[in-house]
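Hi,

Here is the structure I said I would pass on. Have a look at it first, and then read my notes underneath.

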Amino acid sequence: MQRFLDVVEKVGNMVPHPVLIFVTLILMVMGLSHVLYLAGASVTFEAIVPDAAAKEAAGDSQGDGLDPRAYDLGTQVEYGVLDEKAYKIEQQTVSARSLLTTDGVRFMYVSLIPSFMGFTAVGLMIAAMVGAGVAEASGLVNTLIRKLVLLSPRWALIYILALVGILSSIAADAGYLVLIPLAGTAFLSVGRHPIAGLALAFAAVAGAFTVNMLIKPLDAVLVEFTNDAIALVDPEMSIGLASNLWFSIASVVLLTLIVAVVTERIIEPRLGSYQPDQAGDGGVGEKSGPLSADESQGLLFAGLVLVGVLGVLGLLTLPSGAPLRDPETDVLIGNSPFMNGLIAVIMVLFLATGAAYGYGAKTITSVTDIIKAMEKAMSGLGSLILLFLVLSQFIAYFNYTNMGTILALRLADLLKAANFPALLLLIGFIVVVSLIDLLITGAIAKWALFAPIFVPLLMALAVAPEAVLAAYRIADSPMNTITPLNAYFALVVGFAQRYDKSAGVGTVVSMMLPYVVIMYAVWTLLFTGWQLLGLPWGL
(Lines give C-alpha, C1' and ligand atoms only; values in the text may rest on other atoms or scores of the structure.)
Protein backbone atom coordinates (compact mmCIF):
# COMPACT_ATOMS: atom_id res chain seq x y z
CA MET A 1 0.00 0.00 0.00
CA GLN A 2 2.75 2.45 0.92
CA ARG A 3 4.49 1.89 -2.43
CA PHE A 4 1.22 2.45 -4.26
CA LEU A 5 0.57 5.67 -2.30
CA ASP A 6 4.14 6.81 -3.04
CA VAL A 7 3.42 6.43 -6.76
CA VAL A 8 0.13 8.32 -6.40
CA GLU A 9 1.88 11.15 -4.57
CA LYS A 10 4.74 11.33 -7.06
CA VAL A 11 2.47 11.36 -10.09
CA GLY A 12 0.02 13.76 -8.45
CA ASN A 13 2.74 16.24 -7.56
CA MET A 14 4.00 16.19 -11.16
CA VAL A 15 0.78 17.73 -12.45
CA PRO A 16 0.92 21.47 -13.18
CA HIS A 17 -0.46 24.24 -10.98
CA PRO A 18 -4.17 23.75 -10.15
CA VAL A 19 -5.03 26.88 -12.14
CA LEU A 20 -3.49 25.30 -15.24
CA ILE A 21 -5.28 22.03 -14.51
CA PHE A 22 -8.67 23.72 -14.56
CA VAL A 23 -7.81 25.79 -17.62
CA THR A 24 -6.97 22.52 -19.37
CA LEU A 25 -10.21 20.96 -18.15
CA ILE A 26 -12.15 23.95 -19.49
CA LEU A 27 -10.61 23.42 -22.92
CA MET A 28 -11.46 19.70 -22.75
CA VAL A 29 -15.05 20.46 -21.76
CA MET A 30 -15.36 22.89 -24.65
CA GLY A 31 -14.20 20.27 -27.15
CA LEU A 32 -16.16 17.35 -25.69
CA SER A 33 -19.34 19.41 -25.39
CA HIS A 34 -19.22 20.16 -29.11
CA VAL A 35 -18.70 16.49 -29.97
CA LEU A 36 -21.71 15.45 -27.85
CA TYR A 37 -23.74 18.31 -29.31
CA LEU A 38 -23.00 17.16 -32.86
CA ALA A 39 -23.84 13.57 -31.86
CA GLY A 40 -27.22 14.72 -30.51
CA ALA A 41 -26.64 13.27 -27.04
CA SER A 42 -29.71 13.63 -24.81
CA VAL A 43 -31.60 11.92 -21.99
CA THR A 44 -35.23 11.97 -20.85
CA PHE A 45 -36.04 11.61 -17.16
CA GLU A 46 -38.38 12.59 -14.35
CA ALA A 47 -36.86 15.41 -12.32
CA ILE A 48 -37.65 17.42 -9.21
CA VAL A 49 -38.15 20.98 -10.45
CA PRO A 50 -39.39 24.25 -8.92
CA ASP A 51 -43.17 24.66 -8.82
CA ALA A 52 -43.93 27.98 -10.52
CA ALA A 53 -47.13 28.63 -8.57
CA ALA A 54 -45.50 27.79 -5.24
CA LYS A 55 -42.42 29.90 -5.81
CA GLU A 56 -44.53 32.86 -6.91
CA ALA A 57 -46.60 32.55 -3.75
CA ALA A 58 -43.42 32.27 -1.70
CA GLY A 59 -41.93 35.38 -3.26
CA ASP A 60 -39.03 33.64 -4.98
CA SER A 61 -37.35 36.51 -6.76
CA GLN A 62 -34.72 34.26 -8.35
CA GLY A 63 -37.30 32.05 -10.04
CA ASP A 64 -35.59 28.81 -9.03
CA GLY A 65 -37.70 27.75 -6.05
CA LEU A 66 -34.69 27.90 -3.75
CA ASP A 67 -33.72 30.18 -0.96
CA PRO A 68 -31.59 32.73 -2.84
CA ARG A 69 -29.45 33.38 0.23
CA ALA A 70 -27.67 30.07 0.38
CA TYR A 71 -27.46 27.76 -2.59
CA ASP A 72 -24.40 26.85 -4.57
CA LEU A 73 -23.89 23.83 -6.81
CA GLY A 74 -20.14 24.30 -6.59
CA THR A 75 -19.80 23.53 -2.88
CA GLN A 76 -21.54 21.69 -0.11
CA VAL A 77 -23.35 24.87 0.99
CA GLU A 78 -26.92 23.85 0.30
CA TYR A 79 -29.68 24.85 2.67
CA GLY A 80 -33.10 24.41 1.29
CA VAL A 81 -36.44 25.38 -0.07
CA LEU A 82 -38.60 28.41 0.50
CA ASP A 83 -41.48 26.21 1.60
CA GLU A 84 -42.59 22.60 1.45
CA LYS A 85 -44.53 23.13 -1.81
CA ALA A 86 -41.67 24.64 -3.80
CA TYR A 87 -41.02 21.51 -5.91
CA LYS A 88 -42.87 19.15 -8.24
CA ILE A 89 -42.04 16.13 -10.39
CA GLU A 90 -41.81 16.84 -14.12
CA GLN A 91 -40.60 14.87 -17.14
CA GLN A 92 -37.70 16.60 -18.84
CA THR A 93 -35.41 16.02 -21.80
CA VAL A 94 -31.88 17.32 -21.48
CA SER A 95 -29.62 17.62 -24.51
CA ALA A 96 -25.90 18.26 -24.69
CA ARG A 97 -25.09 21.93 -25.25
CA SER A 98 -21.90 23.05 -26.92
CA LEU A 99 -19.74 25.86 -25.64
CA LEU A 100 -18.52 26.47 -29.19
CA THR A 101 -21.88 27.45 -30.68
CA THR A 102 -23.12 31.04 -30.79
CA ASP A 103 -25.15 30.50 -27.60
CA GLY A 104 -22.22 28.80 -25.88
CA VAL A 105 -19.77 31.56 -26.68
CA ARG A 106 -22.32 34.12 -25.55
CA PHE A 107 -22.77 32.22 -22.25
CA MET A 108 -19.02 32.13 -21.58
CA TYR A 109 -18.74 35.83 -22.31
CA VAL A 110 -21.55 37.03 -20.02
CA SER A 111 -21.12 34.47 -17.19
CA LEU A 112 -17.62 35.39 -16.01
CA ILE A 113 -18.62 37.69 -13.16
CA PRO A 114 -22.00 36.08 -12.26
CA SER A 115 -20.38 32.64 -12.00
CA PHE A 116 -17.61 33.95 -9.75
CA MET A 117 -19.90 36.07 -7.60
CA GLY A 118 -22.26 33.12 -7.20
CA PHE A 119 -19.44 30.88 -5.96
CA THR A 120 -20.42 30.89 -2.29
CA ALA A 121 -17.12 29.43 -1.10
CA VAL A 122 -15.37 32.74 -1.78
CA GLY A 123 -17.60 34.77 0.51
CA LEU A 124 -17.58 32.12 3.22
CA MET A 125 -13.81 31.91 3.16
CA ILE A 126 -13.28 35.66 3.35
CA ALA A 127 -15.84 36.12 6.14
CA ALA A 128 -14.40 33.29 8.21
CA MET A 129 -10.82 34.48 7.77
CA VAL A 130 -11.68 37.97 9.07
CA GLY A 131 -12.40 36.46 12.48
CA ALA A 132 -9.97 33.55 12.32
CA GLY A 133 -7.13 35.92 11.37
CA VAL A 134 -7.60 37.92 14.57
CA ALA A 135 -7.88 34.78 16.69
CA GLU A 136 -4.70 33.35 15.19
CA ALA A 137 -2.66 36.57 15.30
CA SER A 138 -3.58 37.22 18.94
CA GLY A 139 -2.44 33.74 19.95
CA LEU A 140 -5.89 32.52 21.01
CA VAL A 141 -5.87 29.54 18.66
CA ASN A 142 -2.51 28.24 19.82
CA THR A 143 -3.36 28.80 23.47
CA LEU A 144 -6.69 26.99 23.22
CA ILE A 145 -5.04 24.01 21.54
CA ARG A 146 -2.33 23.89 24.19
CA LYS A 147 -5.03 24.01 26.86
CA LEU A 148 -6.86 21.14 25.15
CA VAL A 149 -3.62 19.15 24.97
CA LEU A 150 -2.91 19.76 28.68
CA LEU A 151 -6.43 18.73 29.75
CA SER A 152 -7.00 15.71 27.51
CA PRO A 153 -5.03 12.46 27.36
CA ARG A 154 -2.74 12.21 24.34
CA TRP A 155 -4.64 9.22 22.95
CA ALA A 156 -7.97 11.05 23.14
CA LEU A 157 -6.94 14.09 21.08
CA ILE A 158 -7.27 12.33 17.74
CA TYR A 159 -10.77 11.02 18.57
CA ILE A 160 -11.92 14.42 19.80
CA LEU A 161 -10.78 16.11 16.59
CA ALA A 162 -12.38 13.42 14.41
CA LEU A 163 -15.72 13.68 16.22
CA VAL A 164 -15.77 17.48 16.19
CA GLY A 165 -14.89 17.43 12.49
CA ILE A 166 -17.85 15.20 11.64
CA LEU A 167 -20.25 17.22 13.78
CA SER A 168 -19.02 20.49 12.24
CA SER A 169 -21.28 19.89 9.22
CA ILE A 170 -24.10 21.39 11.30
CA ALA A 171 -22.36 24.71 10.53
CA ALA A 172 -22.09 23.99 6.78
CA ASP A 173 -18.57 24.77 5.50
CA ALA A 174 -17.16 26.18 8.74
CA GLY A 175 -15.30 22.94 9.42
CA TYR A 176 -13.22 23.37 6.28
CA LEU A 177 -12.22 26.90 7.18
CA VAL A 178 -11.71 26.54 10.91
CA LEU A 179 -11.21 22.95 12.06
CA ILE A 180 -8.78 21.72 9.40
CA PRO A 181 -6.05 24.29 10.13
CA LEU A 182 -6.68 23.92 13.88
CA ALA A 183 -6.11 20.16 13.64
CA GLY A 184 -2.74 20.73 11.97
CA THR A 185 -1.73 23.11 14.76
CA ALA A 186 -2.97 20.67 17.43
CA PHE A 187 -0.88 17.81 16.04
CA LEU A 188 2.19 20.02 15.81
CA SER A 189 1.76 21.13 19.42
CA VAL A 190 1.99 17.53 20.69
CA GLY A 191 4.92 16.58 18.47
CA ARG A 192 2.89 14.76 15.81
CA HIS A 193 3.05 15.42 12.09
CA PRO A 194 0.81 18.45 11.36
CA ILE A 195 -0.13 17.19 7.88
CA ALA A 196 -1.58 14.09 9.51
CA GLY A 197 -3.79 16.42 11.54
CA LEU A 198 -4.91 18.13 8.33
CA ALA A 199 -5.71 14.75 6.77
CA LEU A 200 -7.69 13.64 9.81
CA ALA A 201 -9.78 16.81 9.87
CA PHE A 202 -10.35 16.82 6.10
CA ALA A 203 -11.52 13.20 6.22
CA ALA A 204 -13.88 13.98 9.10
CA VAL A 205 -15.30 17.22 7.69
CA ALA A 206 -15.65 16.24 4.02
CA GLY A 207 -15.82 12.45 4.17
CA ALA A 208 -18.80 12.35 6.55
CA PHE A 209 -20.52 15.55 5.48
CA THR A 210 -24.01 14.09 5.05
CA VAL A 211 -24.39 12.59 8.55
CA ASN A 212 -24.59 14.18 11.97
CA MET A 213 -26.02 13.54 15.41
CA LEU A 214 -28.26 16.57 14.95
CA ILE A 215 -30.76 17.60 12.29
CA LYS A 216 -29.06 20.05 9.94
CA PRO A 217 -30.29 22.26 7.08
CA LEU A 218 -29.21 19.83 4.36
CA ASP A 219 -31.53 17.18 5.83
CA ALA A 220 -34.59 19.31 5.10
CA VAL A 221 -33.76 19.47 1.40
CA LEU A 222 -32.85 15.80 1.00
CA VAL A 223 -36.01 14.70 2.80
CA GLU A 224 -38.19 17.03 0.72
CA PHE A 225 -36.74 15.66 -2.52
CA THR A 226 -37.27 12.13 -1.22
CA ASN A 227 -40.91 12.82 -0.41
CA ASP A 228 -41.48 14.24 -3.89
CA ALA A 229 -40.04 11.03 -5.34
CA ILE A 230 -42.16 8.89 -2.98
CA ALA A 231 -45.27 10.66 -4.27
CA LEU A 232 -44.67 9.07 -7.67
CA VAL A 233 -45.51 5.72 -6.08
CA ASP A 234 -47.63 6.55 -3.02
CA PRO A 235 -48.96 10.12 -2.71
CA GLU A 236 -50.10 9.41 0.86
CA MET A 237 -46.67 8.35 2.12
CA SER A 238 -43.86 10.59 3.38
CA ILE A 239 -40.83 10.53 5.67
CA GLY A 240 -39.75 13.05 8.30
CA LEU A 241 -36.63 15.09 8.99
CA ALA A 242 -35.37 12.50 11.48
CA SER A 243 -35.96 9.55 9.14
CA ASN A 244 -32.23 8.68 9.08
CA LEU A 245 -31.36 9.82 12.60
CA TRP A 246 -30.46 6.43 14.15
CA PHE A 247 -28.36 5.41 11.16
CA SER A 248 -26.65 8.82 11.13
CA ILE A 249 -25.76 8.60 14.83
CA ALA A 250 -24.33 5.11 14.36
CA SER A 251 -22.43 6.35 11.30
CA VAL A 252 -20.91 9.24 13.26
CA VAL A 253 -19.59 6.86 15.93
CA LEU A 254 -18.25 4.40 13.35
CA LEU A 255 -16.63 7.05 11.16
CA THR A 256 -15.01 8.73 14.16
CA LEU A 257 -13.26 5.44 14.93
CA ILE A 258 -12.33 4.84 11.28
CA VAL A 259 -10.85 8.30 10.77
CA ALA A 260 -8.85 8.07 14.00
CA VAL A 261 -7.55 4.55 13.36
CA VAL A 262 -6.59 5.22 9.72
CA THR A 263 -4.72 8.32 10.84
CA GLU A 264 -2.79 6.46 13.53
CA ARG A 265 -2.14 3.20 11.67
CA ILE A 266 -1.61 4.38 8.09
CA ILE A 267 -1.17 8.13 7.67
CA GLU A 268 1.20 8.93 10.56
CA PRO A 269 3.55 5.99 9.89
CA ARG A 270 3.62 7.01 6.23
CA LEU A 271 4.53 10.62 7.00
CA GLY A 272 7.06 9.80 9.72
CA SER A 273 8.38 12.41 12.14
CA TYR A 274 7.96 16.06 11.24
CA GLN A 275 11.00 18.16 10.38
CA PRO A 276 10.36 21.92 10.89
CA ASP A 277 12.84 22.80 8.12
CA GLN A 278 10.29 21.37 5.64
CA ALA A 279 7.89 24.22 6.43
CA GLY A 280 6.78 26.74 3.84
CA ASP A 281 5.54 30.25 4.51
CA GLY A 282 3.44 30.46 7.67
CA GLY A 283 4.39 27.00 8.85
CA VAL A 284 6.81 27.85 11.66
CA GLY A 285 6.63 25.87 14.86
CA GLU A 286 3.97 26.84 17.37
CA LYS A 287 4.65 27.74 21.01
CA SER A 288 4.12 24.84 23.40
CA GLY A 289 4.24 24.09 27.11
CA PRO A 290 2.28 25.40 30.12
CA LEU A 291 0.34 28.65 29.88
CA SER A 292 1.83 31.87 31.18
CA ALA A 293 -0.03 34.26 33.50
CA ASP A 294 -0.75 36.62 30.59
CA GLU A 295 -2.11 33.75 28.48
CA SER A 296 -4.35 32.59 31.31
CA GLN A 297 -5.63 36.14 31.71
CA GLY A 298 -6.24 36.29 27.96
CA LEU A 299 -8.33 33.12 28.13
CA LEU A 300 -10.35 34.61 31.00
CA PHE A 301 -11.07 37.75 28.97
CA ALA A 302 -11.97 35.66 25.92
CA GLY A 303 -14.30 33.51 28.03
CA LEU A 304 -16.12 36.54 29.41
CA VAL A 305 -16.57 38.02 25.94
CA LEU A 306 -17.75 34.64 24.66
CA VAL A 307 -20.47 34.57 27.32
CA GLY A 308 -21.50 38.09 26.34
CA VAL A 309 -21.67 37.27 22.62
CA LEU A 310 -23.65 34.10 23.29
CA GLY A 311 -26.02 36.09 25.48
CA VAL A 312 -26.72 38.55 22.66
CA LEU A 313 -27.10 35.65 20.25
CA GLY A 314 -29.58 34.04 22.63
CA LEU A 315 -31.72 37.18 22.61
CA LEU A 316 -31.70 37.12 18.82
CA THR A 317 -32.63 33.43 18.54
CA LEU A 318 -34.36 31.94 21.58
CA PRO A 319 -37.53 34.02 22.14
CA SER A 320 -40.52 33.27 19.94
CA GLY A 321 -40.51 35.68 17.00
CA ALA A 322 -36.82 36.53 17.48
CA PRO A 323 -35.13 38.16 14.45
CA LEU A 324 -33.06 35.13 13.53
CA ARG A 325 -35.98 32.67 13.58
CA ASP A 326 -37.92 31.84 10.44
CA PRO A 327 -40.50 34.64 10.11
CA GLU A 328 -43.23 32.25 8.95
CA THR A 329 -42.67 28.99 10.86
CA ASP A 330 -40.72 30.43 13.84
CA VAL A 331 -38.25 27.52 13.63
CA LEU A 332 -34.62 28.07 14.60
CA ILE A 333 -32.95 24.90 13.25
CA GLY A 334 -33.49 24.23 9.56
CA ASN A 335 -34.27 26.83 6.93
CA SER A 336 -33.99 29.89 9.17
CA PRO A 337 -32.02 33.16 9.08
CA PHE A 338 -29.88 31.85 11.94
CA MET A 339 -28.76 28.74 10.07
CA ASN A 340 -28.45 30.46 6.69
CA GLY A 341 -26.14 33.11 8.15
CA LEU A 342 -24.22 30.93 10.59
CA ILE A 343 -20.88 31.91 9.12
CA ALA A 344 -21.49 35.45 10.46
CA VAL A 345 -21.83 34.03 13.99
CA ILE A 346 -18.55 32.17 13.58
CA MET A 347 -16.82 35.30 12.28
CA VAL A 348 -18.05 37.43 15.20
CA LEU A 349 -17.15 34.76 17.78
CA PHE A 350 -13.57 34.47 16.53
CA LEU A 351 -13.19 38.23 16.11
CA ALA A 352 -14.55 39.15 19.54
CA THR A 353 -12.81 36.39 21.51
CA GLY A 354 -9.57 36.84 19.58
CA ALA A 355 -9.51 40.56 20.31
CA ALA A 356 -10.41 40.00 23.99
CA TYR A 357 -7.68 37.38 24.35
CA GLY A 358 -5.17 39.70 22.73
CA TYR A 359 -5.92 42.53 25.15
CA GLY A 360 -5.73 40.16 28.12
CA ALA A 361 -2.52 38.45 26.96
CA LYS A 362 -1.02 41.78 25.84
CA THR A 363 -0.52 40.54 22.27
CA ILE A 364 -2.94 43.19 20.98
CA THR A 365 -2.62 46.74 22.22
CA SER A 366 -4.84 48.76 19.88
CA VAL A 367 -7.60 48.56 17.29
CA THR A 368 -4.91 49.03 14.66
CA ASP A 369 -3.42 45.66 15.65
CA ILE A 370 -6.81 44.02 15.06
CA ILE A 371 -7.11 45.58 11.61
CA LYS A 372 -3.55 44.51 10.74
CA ALA A 373 -4.40 40.94 11.76
CA MET A 374 -7.39 41.00 9.39
CA GLU A 375 -5.23 42.41 6.59
CA LYS A 376 -2.62 39.71 7.14
CA ALA A 377 -5.28 37.01 6.92
CA MET A 378 -6.69 38.54 3.72
CA SER A 379 -3.25 38.93 2.11
CA GLY A 380 -2.72 35.18 2.13
CA LEU A 381 -5.87 34.45 0.12
CA GLY A 382 -4.75 35.89 -3.23
CA SER A 383 -3.71 32.62 -4.89
CA LEU A 384 -6.81 30.83 -3.61
CA ILE A 385 -9.15 33.53 -4.91
CA LEU A 386 -7.47 33.23 -8.33
CA LEU A 387 -8.04 29.47 -8.25
CA PHE A 388 -11.67 29.97 -7.23
CA LEU A 389 -12.14 32.33 -10.18
CA VAL A 390 -11.00 29.64 -12.63
CA LEU A 391 -12.81 26.84 -10.77
CA SER A 392 -16.08 28.77 -10.78
CA GLN A 393 -15.84 29.15 -14.56
CA PHE A 394 -15.16 25.45 -15.03
CA ILE A 395 -18.18 24.47 -12.92
CA ALA A 396 -20.41 26.97 -14.74
CA TYR A 397 -19.27 25.72 -18.15
CA PHE A 398 -19.60 22.07 -17.16
CA ASN A 399 -23.12 22.61 -15.82
CA TYR A 400 -24.09 24.54 -18.96
CA THR A 401 -23.14 21.64 -21.24
CA ASN A 402 -25.40 19.16 -19.34
CA MET A 403 -22.66 16.52 -19.62
CA GLY A 404 -22.84 15.69 -15.91
CA THR A 405 -26.60 15.15 -16.04
CA ILE A 406 -26.39 12.96 -19.13
CA LEU A 407 -23.56 10.85 -17.68
CA ALA A 408 -25.30 10.43 -14.33
CA LEU A 409 -28.59 9.33 -15.86
CA ARG A 410 -26.95 7.00 -18.38
CA LEU A 411 -25.16 5.25 -15.52
CA ALA A 412 -28.44 5.10 -13.63
CA ASP A 413 -30.13 3.48 -16.64
CA LEU A 414 -27.36 0.86 -16.81
CA LEU A 415 -27.82 0.09 -13.13
CA LYS A 416 -31.59 -0.23 -13.51
CA ALA A 417 -31.21 -2.54 -16.51
CA ALA A 418 -28.91 -4.88 -14.56
CA ASN A 419 -31.95 -6.31 -12.67
CA PHE A 420 -29.98 -6.77 -9.46
CA PRO A 421 -31.69 -7.90 -6.23
CA ALA A 422 -32.65 -5.02 -3.96
CA LEU A 423 -29.55 -5.10 -1.73
CA LEU A 424 -27.14 -5.37 -4.67
CA LEU A 425 -29.00 -2.57 -6.39
CA LEU A 426 -28.55 -0.39 -3.30
CA ILE A 427 -24.82 -1.16 -3.24
CA GLY A 428 -24.59 -0.48 -6.99
CA PHE A 429 -26.40 2.79 -6.38
CA ILE A 430 -23.74 3.75 -3.82
CA VAL A 431 -20.99 2.99 -6.36
CA VAL A 432 -22.60 4.97 -9.19
CA VAL A 433 -23.32 8.04 -7.06
CA SER A 434 -19.80 7.99 -5.60
CA LEU A 435 -18.33 8.05 -9.12
CA ILE A 436 -20.60 10.91 -10.14
CA ASP A 437 -19.49 12.75 -6.99
CA LEU A 438 -16.09 13.22 -8.63
CA LEU A 439 -17.78 15.56 -11.11
CA ILE A 440 -20.89 16.86 -9.33
CA THR A 441 -19.99 17.57 -5.70
CA GLY A 442 -23.23 19.23 -4.60
CA ALA A 443 -25.43 16.89 -2.57
CA ILE A 444 -28.66 18.59 -3.65
CA ALA A 445 -27.75 18.63 -7.35
CA LYS A 446 -27.20 14.87 -7.46
CA TRP A 447 -30.19 13.94 -5.31
CA ALA A 448 -32.47 16.02 -7.52
CA LEU A 449 -31.36 13.77 -10.39
CA PHE A 450 -31.31 10.40 -8.65
CA ALA A 451 -34.23 10.55 -6.21
CA PRO A 452 -37.01 10.35 -8.85
CA ILE A 453 -35.24 7.34 -10.41
CA PHE A 454 -34.11 5.19 -7.53
CA VAL A 455 -36.65 5.91 -4.79
CA PRO A 456 -39.63 4.60 -6.86
CA LEU A 457 -37.53 1.78 -8.34
CA LEU A 458 -36.43 0.47 -4.95
CA MET A 459 -39.83 1.02 -3.34
CA ALA A 460 -41.20 -1.35 -5.99
CA LEU A 461 -38.71 -3.91 -4.62
CA ALA A 462 -40.04 -3.38 -1.07
CA VAL A 463 -37.10 -1.19 0.00
CA ALA A 464 -38.01 1.63 2.40
CA PRO A 465 -37.29 5.12 1.03
CA GLU A 466 -35.37 5.82 4.24
CA ALA A 467 -32.91 3.10 3.16
CA VAL A 468 -32.42 4.72 -0.23
CA LEU A 469 -31.72 8.08 1.39
CA ALA A 470 -29.27 6.43 3.82
CA ALA A 471 -27.45 4.83 0.87
CA TYR A 472 -27.23 8.23 -0.80
CA ARG A 473 -25.66 9.74 2.33
CA ILE A 474 -22.88 7.14 2.11
CA ALA A 475 -22.34 7.64 -1.60
CA ASP A 476 -22.15 11.42 -1.46
CA SER A 477 -19.49 11.83 1.23
CA PRO A 478 -16.04 10.17 1.18
CA MET A 479 -15.24 11.02 -2.46
CA ASN A 480 -15.37 14.72 -1.49
CA THR A 481 -11.87 14.33 -0.05
CA ILE A 482 -10.13 13.50 -3.33
CA THR A 483 -12.03 15.39 -6.02
CA PRO A 484 -10.38 18.66 -7.07
CA LEU A 485 -13.91 19.94 -7.84
CA ASN A 486 -14.49 20.21 -4.10
CA ALA A 487 -14.11 23.95 -3.66
CA TYR A 488 -11.99 23.40 -0.53
CA PHE A 489 -9.59 20.80 -1.93
CA ALA A 490 -7.16 23.51 -3.01
CA LEU A 491 -7.47 25.12 0.42
CA VAL A 492 -6.27 21.88 2.03
CA VAL A 493 -3.34 21.74 -0.40
CA GLY A 494 -2.48 25.28 0.72
CA PHE A 495 -2.66 24.28 4.38
CA ALA A 496 -0.33 21.34 3.68
CA GLN A 497 2.19 23.62 1.99
CA ARG A 498 2.46 25.66 5.19
CA TYR A 499 4.11 22.63 6.82
CA ASP A 500 5.83 21.11 3.77
CA LYS A 501 6.76 23.41 0.92
CA SER A 502 7.02 20.43 -1.44
CA ALA A 503 3.44 19.28 -0.82
CA GLY A 504 1.04 19.32 -3.74
CA VAL A 505 -2.11 17.74 -5.15
CA GLY A 506 -0.50 14.29 -5.08
CA THR A 507 0.38 14.67 -1.41
CA VAL A 508 -3.24 15.30 -0.45
CA VAL A 509 -4.72 12.64 -2.76
CA SER A 510 -2.30 9.96 -1.56
CA MET A 511 -3.11 10.83 2.08
CA MET A 512 -6.86 10.77 1.55
CA LEU A 513 -7.12 7.58 -0.54
CA PRO A 514 -6.87 5.21 2.46
CA TYR A 515 -9.68 7.11 4.17
CA VAL A 516 -11.86 6.95 1.04
CA VAL A 517 -11.42 3.21 0.49
CA ILE A 518 -11.84 2.18 4.13
CA MET A 519 -14.73 4.57 4.83
CA TYR A 520 -16.67 3.34 1.81
CA ALA A 521 -16.00 -0.31 2.63
CA VAL A 522 -16.83 -0.23 6.35
CA TRP A 523 -19.70 2.25 6.01
CA THR A 524 -21.28 0.09 3.29
CA LEU A 525 -20.92 -2.96 5.54
CA LEU A 526 -22.76 -1.08 8.29
CA PHE A 527 -25.48 -0.17 5.81
CA THR A 528 -25.75 -3.78 4.59
CA GLY A 529 -26.06 -5.14 8.12
CA TRP A 530 -28.62 -2.47 9.00
CA GLN A 531 -30.73 -3.37 5.97
CA LEU A 532 -30.49 -7.14 6.52
CA LEU A 533 -31.39 -6.85 10.21
CA GLY A 534 -34.31 -4.55 9.43
CA LEU A 535 -33.22 -1.96 12.01
CA PRO A 536 -35.13 1.34 12.10
CA TRP A 537 -33.34 4.06 10.12
CA GLY A 538 -34.67 6.90 12.25
CA LEU A 539 -37.77 8.42 13.79
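Keep in mind that this is a predicted model. I picked out three places to start with.

First, Ser98. You'll find Ser98 in the loop that runs between β2 (87-95) and α4 (102-110). Is Ser98 buried or exposed? Its relative accessible area is just 2%, so Ser98 counts as buried, the cut-off being under 20%. The Ser98 side chain reaches the backbone nitrogen of Leu100, at 2.9 Å. If you skip neighbours within four places in sequence, Ser98 is in contact with Ser33, His34, Tyr37, Gly104 and Tyr400.

Next, a pair of helices. α10 (residues 194-207) and α12 (residues 245-271) have axes that come within 10 Å and cross at roughly 150°, and the crossing is right-handed. On the α10 side, the residues that meet α12 are Ile195, Ala196, Ala199, Leu200, Ala203 and Ala204. Their partners in α12 are Val259, Thr263, Ile267, Glu268 and Leu271. Sorted by class, this contact between α10 and α12 has 9 nonpolar, 1 polar and 1 charged residues.

Last, the nonpolar cores. The largest has 159 residues, and the ones that touch the most other members are Phe429, Trp447, Phe450 and Tyr515. Try clicking on Trp447: leaving out residues up to four places away in sequence, Trp447 touches Leu222, Phe225, Thr226, Phe429, Pro452, Val455, Val468, Leu469 and Tyr472. There is also a second, separate core of 7 residues, with Leu332, Met339, Leu342 and Leu349 among them.

Cheers

Technical notes
Residues are numbered from 1 along each chain as its sequence is written. This is a predicted model: local features need pLDDT of at least 70, side-chain atom pairs count only at pLDDT 80 or more; totals for chains, interfaces and linings use all residues. Side-chain values use heavy atoms; hydrogens and water are left out. Helices (H or I, at least four residues) and strands (E, at least two) are DSSP runs, numbered from the N terminus. Buried means under 20% relative accessible area, exposed over 50%, partly exposed in between (1.4 Å probe, protein chains only). A polar contact is a pair of N or O atoms within 3.5 Å; within protein, one must be able to donate a hydrogen and the other to accept it, and residues adjacent in sequence count only if both atoms are side-chain atoms. Contact means heavy atoms within 4.5 Å. Axes are lines fitted to C-alpha atoms, for helices over the stretch in contact, and angles run from 0 to 180 degrees between N-to-C directions. A crossing is left-handed if the near helix is turned anticlockwise from the far one by less than a right angle, and right-handed if clockwise. Ala, Val, Leu, Ile, Met, Phe, Trp, Tyr, Cys and Pro count as nonpolar, Asp, Glu, Lys and Arg as charged, and the others, Gly among them, as polar. A nonpolar core is a set of buried Ala, Val, Leu, Ile, Met, Phe, Trp, Tyr and Cys residues joined through side-chain atoms within 4.5 Å.
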